[in-house]
2 protein chains.
Amino acid sequence: MENDMSDFFELVQRRQSCRQFSDKPVEREKLVKILEAARLAPSGCNSQPWYFIVVESPDKVAEVAQTTMQLGLNEYIGQAKAIIVIVEEHAHLIPKVAKMVDSQVFAKNDLGAATLSLCLAAESLGLGTCIVGMFDRPKLRELLDISDDKPIHMVVAVGYAASDKVRNKQRKSLEEISRFV
Amino acid sequence: MENDMSDFFELVQRRQSCRQFSDKPVEREKLVKILEAARLAPSGCNSQPWYFIVVESPDKVAEVAQTTMQLGLNEYIGQAKAIIVIVEEHAHLIPKVAKMVDSQVFAKNDLGAATLSLCLAAESLGLGTCIVGMFDRPKLRELLDISDDKPIHMVVAVGYAASDKVRNKQRKSLEEISRFV
């Protein structure tokens, strides 16, 4: 049961926002595998409040990429070979819990976990990803026929990275973000 | 760069809510390693809106465990050897983004990602975890001296699992949670 940490830790180090994708297409089989990793993520009361729209047809990818390019921040999304749009679904909590809190109270945490599971799975298959939170939500909703009552959580661009280089991660130190008691 | 998926996918399969912990203490070194995996999680504008209070002294663990036992749901938390309390911090977004959205708009997603990174890291070190979202927040705030303006996100119980058995995961099918376009 005690496994070597190095593999997972190396994966965590390698996962980074990919901002330059190669022309190599992404295999459908790999997209299914990374969805599978998201599917198995934990969620509050096992409510699984998520839905994934995997955009892979080139015309549609181009249209969806357009919706992320406001702010002039995400031009590279146009190079992605697939885009996964993550939608928040109603969370059915167990009755004891549902009596005390709003149904969606854990949903964004759960979606964050599923999103990371997806990105780590992609990295483990040699695929780069970039999580995008800023995009034209009304336009994307219309493009993909997502009903108004479902928040669009995040968009994840997927493709083979143009470069193998792993950048140094800029993060606060452990001392800044934790204490032991 | 193209690694074998099996390791990560096996880790995802093995990670489960641990509801029975053994008496074996958890090494400080392992707690530091799992924090490190959380520290390297992605976040909106790299804002890292998180703080981790690692409770490891037995008296304090017992007191914190008590705050999770409302609802009669989490009695097993009393067996945990460490409890990590995850606190939401103010997120400093980049100016272009901060002009358009609330500072905390991505925080719960980011905390969800950090929480999963922590739990997967723990599993890779042979440690069981259980993410708990229902607890007596005012009491926990008082116990750990957490200021009123910082939401307490989740509590993660940590310890060696009493059993190696991996349960079957109950999840919706891929067909229920995704479509390709």
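## Close-ups of a two-chain predicted model

**View 1. A strand of chain A meets a strand of chain B.** In this predicted model, Ile53(A) has Arg179(B), from strand 5 of chain B, as its bridge partner. Zoom out a little and you see the two strands involved: strand 1 of chain A and strand 5 (residues 178-180) of chain B, which pair in the parallel sense over three bridges.

**View 2. A sheet built from both chains.** Here's an open sheet of five strands, in the order 5(A)-1(B)-2(B)-4(B)-3(B), and its pairing is mixed. At the edges stand strand 5 of chain A and strand 3 (128-132) of chain B; each has a single partner strand, so one side of each has no neighbour in the sheet. From one strand to the next, the twist averages 20°.

**View 3. Inside that sheet, on chain B.** Strand 2 (residues 82-88) and strand 4 (residues 152-159) of chain B pair in the antiparallel sense, over six bridges. Look for Ile84(B): its bridge partner in strand 4 of chain B is Val156(B). Helix 5 (residues 107-124) of chain B lies across strands 1, 2, 3 and 4 of chain B, and runs at about 5° to strand 4.

**View 4. Where the chains touch.** Now for the whole contact region: 66 residues of chain A are in contact with 67 residues of chain B. Several elements of chain A each supply at least two residues of its touching side, including helix 1 (5-14), helix 2 (28-39) and strand 1 (50-55). Which helix gives the largest share of that side? Helix 5 of chain A does, with 12 residues. Sorted by class, the side of chain A that touches chain B has 35 nonpolar, 16 polar and 15 charged residues.

Key:
Residues are numbered from 1 along each chain as its sequence is written. Chains are lettered from A and ligands numbered from 1 in the order in which they are written. This is a predicted model: local features need pLDDT of at least 70, side-chain atom pairs count only at pLDDT 80 or more; totals for chains, interfaces and linings use all residues. Two residues are in contact if their C-beta atoms, placed from the backbone, lie within 7 Å. Helices (H or I, at least four residues) and strands (E, at least two) are DSSP runs, numbered from the N terminus. Ala, Val, Leu, Ile, Met, Phe, Trp, Tyr, Cys and Pro count as nonpolar, Asp, Glu, Lys and Arg as charged, and the others, Gly among them, as polar. Two strands pair if DSSP finds at least two bridges between them. Axes are lines fitted to C-alpha atoms, for helices over the stretch in contact, and angles run from 0 to 180 degrees between N-to-C directions.
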